[in-house]
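Let's take a walk through this structure together. Have the sequence and the 3D view at hand as we go.

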Amino acid sequence: MTDSSQVEQEMRAWTQRYTDWLEDKEARSPRIVYQRDRARVIHSASFRRLQAKTQIFGLNESDFYRTRLTHSMEVAQIGSGLVEQLVTVALESEQQGQTPDWLDWLPSFYLIEAVCLAHDLGHPPYGHGGETALNYMMREHGGFEGNAQTLRILAKLGEYTPKNGIDLSRRATLGVLKYPALYDSVIQTWPGYMTRCAEPEVSDFRTLSMREWHPPKSLYREEAEVFEWVLAPFSESDREAFTRLTKVSDGFDRTGHKALDTTIMELADDIAYGIHDLEDAVAMGMVPKDLWCDEVVHSEVFQQHRLWDETMTERLFSPRSKDRKHAISQMVGIMIESIRIDEHPDFEHPLLRYQAHLGEGEMAVLELLKRFVYTHVITLPEVKGMEYKGQLIVLELFKSLRANPQALLPRNTFAKYERADTVRAKQRVICDYIAGMTNTYASRLYNKFFSATQGSIFDRL
């Protein structure tokens with residue numbers, strides 16, 4: 001058997017779907033499978049709902065600013081650009097008589113776009129604020145975490161199959177797994193969190209300190225079987241190293257490794273967050289030019305890695321939107337063109353051994369941009385205030401639905417609630433229902449329940 005045929009046979013394990021594995025069916029060719037992975041994500045209800053879920057700014061601020069949907073589309077475009085750049089690097093190496101070992105394991109454009117488009121499917125209404133609120137309400141029942149919810153949609157909730165969700169290929173599912181550890185195990189690593197979980201629920205959510213309820217990066221126990229299926233092609237030593245937790249002094253222990261496709265997706269996500277979200281802030285006038293120059297252009301990091309000249313700043317803060325767009329595009333291009341593949345010596349399998357990275361200077365500047373956006377946009381009181389309001393909406397909805405499931409849950413959701421055979425499973429049904437809401441839906445439902453002057457029996461939510 002030739003080396004290429006060996007690689008092809010190995011790759012067939014990664015094109016298999018969970019449903020096919022359960023039914024002992026053969027996997028199909030990568031081209032067909034990964035194209036359909038992307039199509040399944042695009043046509044899913046969870047993906048469409050991202051158009052009405054917050055990225056940073058409220059949905060009613062402007063039609064221009066990004067939502068989770070447009071963010072996911074930009075991540076997919078950048079992800080394809082990163083793969084294309086790696087292919088270009090490989091072809092240049094081939095012309096010099098050196099074919100990179102990682103070339104056969106690069107994801108196709110279909111595959112990386114499927115992973116990137118799916119990466120935020122599990123985000124609840126009101127972004128990380130809604131995530132924290134749901135985690136508080138689920139603290140005794142398996143918790144809530146956006147990435148874990150993404151896997152749950154792919155494996156259980158999505159509409160493509162009766163029981164196995166959107167049912168992507170094994171490799172696409174692996175690519176979405178940013179944190180390969182189970183929630184129930186991770187929370188045990190922080191005694192302080194466990195102590196808080198044992199405390200009674202507050203009577204007034206306005207007195208709750210939400211900072212104490214950020215969830216650990218993890219997966220749910222309910223998807224443990226799918227998780228094991230995804231990892232099955234790896235050796236025992238690779239699985240152990242991949243899922244190993246790194247000790248944190250004051251907080252949850254965290255996983256430290258990701259698969260090749262995940263590293264590409266995360267770079268695309270970071271570029272979109274650090275640069276495209278910056279564009280929204282500049283367009284809104286939230287980031288003045290002087291602040292940008294003081295904290296970015298004149299910073300020690302940027303002075304050490306000068307990736308662009310003063311012309312970029314002038315274009316970024318130009319009154320002409322075309323100039324600003326040109327600057328943003330050029331900044332993204334600089335990041336994409338620096339991508340490279342390194343090897344991690346602790347792993348045997350190519351999908352774990354090969355890791356995508358940006359160049360040292362590009363990565364340092366990207367981290368600088370991310371910190372800048374976080375400090376001067378994400379944590380602004382005006383932005384955090386809207387996040388806080390969303391948290392209260394989620395908390396109150398959950399409390400009411402939990403107390404009156406038969407009266408308030410939609411009939412199909414209540415049927416799932418009735419079929420659930422444990423308290424934990426019943427609470428998960430309510431959690432899934434709220435997590436799937438858009439910001440608009442959650443706000444309308446809140447007003448229908450709690451506003452005396454709004455709501456009607458004819459409202460079709």
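Which element gives the largest share of the lining of the second largest pocket? Helix α24 does, with seven residues. Keep in mind as you look around that this is a predicted model.

Let's stay with that pocket for a moment. The second largest pocket has a volume of about 1200 Å³. Its lining is made up of 39 residues, and Lys156, Leu157, Lys416, Asp432 and Tyr433 are the closest to its centre. Two or more lining residues come from each of α4 (45–49), α8, α23 (411–419) and α24 (423–435). As for chemistry, the lining of this second largest pocket divides into 14 nonpolar, eleven polar and 14 charged residues.

Now step back to the whole chain. You will find 25 helices and four strands in the protein chain. The C-alpha trace spans about 70 × 60 × 45 Å along its principal axes. A compact globule of 461 residues would have a radius of gyration near 23 Å, and the protein chain agrees because its own value is 23 Å. Of those 461 residues, 55% count as buried. Among contacts in the chain with a separation of 6 or more, 73% are accounted for by residues 24 or more positions apart. On the outside, the accessible surface comes to about 21600 Å², and carbon and sulfur atoms hold 49% of that area.

What about enclosed space? Rolling a probe the size of a water molecule over the atoms shows where empty space is left. A search of the whole structure turns up one cavity of 30 Å³ or more, and the volume of the largest cavity is about 60 Å³. Its lining consists of Tyr18, Leu154, Ala155, Asn164, Asp167, Leu168, Thr173, Val226 and Trp229. Helices α8 (146–157) and α12 (224–231) each supply at least two residues of this lining. Six of the lining residues are nonpolar, two are polar and one is charged. Notice that α8 also contributes to the lining of the second largest pocket.

From here, a few single residues are worth a visit. Begin with Met137, which sits in helix α7 (residues 127–137). Met137 counts as buried because its relative accessibility is 2%, where the cut-off for buried is under 20%. Beyond its neighbours within four places in sequence, Met137 is in contact with Glu201, Phe205, Leu395, Phe398, Lys399 and Arg402. Glu201 lies 64 residues from Met137 along the chain, with 8.6 Å between their C-alpha atoms.

Follow the chain on to the loop between α7 and α8, where you will meet Phe144. Is Phe144 buried or exposed? With a relative accessible area of 0%, Phe144 is buried. Its C-alpha atom is 9.9 Å from that of Gly122, a residue 22 positions away in sequence.

Our last stop is Lys258, in the loop between β2 (254–255) and α14 (260–283). Lys258 has a relative accessible area of 16%, so this lysine is buried too. Setting aside neighbours within four places in sequence, its contacts are Lys178, Tyr179, Phe242, Thr263, Glu266 and Gln355. Try displaying these partners together with Lys258 to see how they are arranged in the model.

Definitions and conventions: Residues numbered from 1 in each chain as written. Predicted model: local features only at pLDDT ≥ 70, side-chain atom pairs only at ≥ 80, totals over all residues. Heavy atoms only, no water. 1 Å grid on protein atoms, 1.4 Å probe; cavity = no way out; pocket = protein on both sides within 12 Å on 5 of 7 lines; lining within 4 Å. Points joined across faces, edges and corners; volume = space filled by probe spheres on them. Nonpolar A, V, L, I, M, F, W, Y, C, P; charged D, E, K, R; others polar. Rg over C-alpha atoms; globule rule 2.2 N^0.38 Å. Buried < 20%, exposed > 50% of the residue type's maximum accessible area, 1.4 Å probe, protein only. Contact = heavy atoms within 4.5 Å. Areas by Shrake-Rupley, 256 points an atom, 1.4 Å probe, with all protein chains shown as cover.
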